[in-house]
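Work through the exercises below with the sequence and the model side by side. Try each task before reading its solution.

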Amino acid sequence: FFQAEDGIRDIGVTGVQTCALPIFALLATSCSAPEEAPTPLEAALEEIAHTDPTDYPPTEPDEAHAWLRRMVGEWEMTMGGWTITETIEPLGELWVVTRAEGPGGEAPFRSMTTFGYDPALGKFVGSYVDTIQTRMWTYEGFLDESGTVLTFETEGPSMADPEGTTLYRDQYILEDADTKRIVTSAQDENGAWVQFAEMTGKRLR
């Protein structure tokens, strides 16, 4: 061990220490903690990030999605003296989207509704927004045995108790290819459904 030839002039460092310094540096590098394996979620996200979206096979539609497409078209909906126009279009083969417009107060009334079917839940699903409220309503629903009534249910603010909530139900009734009704009800404190609105629709195209 040649302390002087190594260029070290610190009297506190011996020749043995001079030789040990590079060894300790090597050990520190080789003994550092190994890189942790990614969690299953991290591995899945990494795979998704490097996958072309076109590589994913599309979900095949089933009979429930076919039923929703029966509503596609343009409809004139009336309730009392109020009339709105609905335009229902498919979004691929799995969803339909309704855009409605009619007279409002200071500005025209507009709304948008989505309809779909989730095989994992075994239920129809939907959402609703409009220009007169800040709430986005989300729905789950089912088709009756006759195949003519699609019932959506949701929970929202109570009309009787501002601090409470109530269950609501919208029923889409296809009477024939060109006629439908939308019946809206609320559940009372005894669990009974009380109808408070009904719209009648005629297909325009």
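**Exercise 1. Which residue in β5 does Met112 stand opposite?**

Solution. Start with the source. The model is predicted, so local features are used only at pLDDT of at least 70 and side-chain atom pairs only at pLDDT 80 or more, while totals for chains, interfaces and linings use all residues. Numbering runs from 1 along each chain as its sequence is written, and side-chain values use heavy atoms, with hydrogens and water left out.

Step 1. Fix the terms: helices (H or I, at least four residues) and strands (E, at least two) are DSSP runs numbered from the N terminus, and two strands pair if DSSP finds at least two bridges between them.

Step 2. Find the strands. β4 covers residues 109-118 and β5 covers residues 123-130. They pair in the antiparallel sense over eight bridges.

Step 3. Read off the partner: Val129 in β5 stands opposite Met112.

Step 4. Look at the turn. The hairpin of β4 and β5 has four residues between the strands, and Gly122 there takes a positive phi near 70 degrees.

**Exercise 2. Place β3, then describe the surroundings of Thr98.**

Solution. Step 1. β3 (residues 95-102) runs antiparallel to β4, with eight bridges joining the two. The hairpin between them passes through six residues.

Step 2. Take one pair as a check: Val96 has Phe115 of β4 as its bridge partner.

Step 3. Thr98 is in β3. Its relative accessible area is 4%, so Thr98 is buried (buried means under 20% relative accessible area, exposed over 50%, partly exposed in between, with a 1.4 Å probe and protein chains only).

Step 4. List contacts, meaning heavy atoms within 4.5 Å. With residues up to four places away in sequence not counted, Thr98 touches Glu86, Thr87, Ile88, Ser111, Met112, Thr113 and Phe115. Met112 and Phe115 have thus come up already, Met112 opposite Val129 and Phe115 as the partner of Val96.

**Exercise 3. Is His65 buried or exposed, and which side chain does it meet in a polar contact?**

Solution. Step 1. His65 is placed in helix α3 (residues 63-68).

Step 2. His65 counts as buried because its relative accessible area is 3%.

Step 3. The side chains of His65 and Asp62 are joined by a polar contact of 2.9 Å. A polar contact is a pair of N or O atoms within 3.5 Å; within protein, one must be able to donate a hydrogen and the other to accept it, and residues adjacent in sequence count only if both atoms are side-chain atoms.

Step 4. Leaving out residues up to four places away in sequence, His65 touches Glu93, Leu94 and Tyr117.

**Exercise 4. Carry out a similar analysis for Glu175.**

Solution. Step 1. Glu175 lies in β8 (residues 165-176).

Step 2. Glu175 counts as partly exposed because its relative accessibility is 44%.

Step 3. Outside its neighbours within four places in sequence, Glu175 is in contact with Lys180 and Arg181. With Arg181 there is a side-chain to side-chain polar contact of 2.5 Å.

Step 4. For a longer sequence span, take Val149: it is 26 residues from Glu175 in sequence, and the C-alpha atoms are 8.8 Å apart.

**Exercise 5. Trace the pairings of β10.**

Solution. Step 1. β10 (residues 193-203) pairs with β1 (residues 73-79) in the antiparallel sense over four bridges. Here Met77 has Gly201 as its bridge partner.

Step 2. β9 and β10 are also antiparallel, over nine bridges, and Ile182 is partnered by Met199.

Step 3. In the hairpin of β9 and β10, with five residues between the strands, Gly191 takes a positive phi near 90 degrees.

**Exercise 6. What is the make-up of the lining of the second largest pocket?**

Solution. Step 1. The lining consists of Ser158, Met159, Ala160, Thr166, Tyr168, Ala186, Gln187, Asp188 and Glu189. The elements giving two or more residues to it are β8 and β9 (179-187).

Step 2. Apply the classes: Ala, Val, Leu, Ile, Met, Phe, Trp, Tyr, Cys and Pro are nonpolar, Asp, Glu, Lys and Arg are charged, and the others, Gly among them, are polar.

Step 3. The lining then has four nonpolar, three polar and two charged residues.

Step 4. On the terms: on a 1 Å grid over the protein atoms alone, a pocket is an open set of points where a 1.4 Å probe fits, with protein on both sides within 12 Å along at least five of seven lines, and lining residues have an atom within 4 Å of a point.
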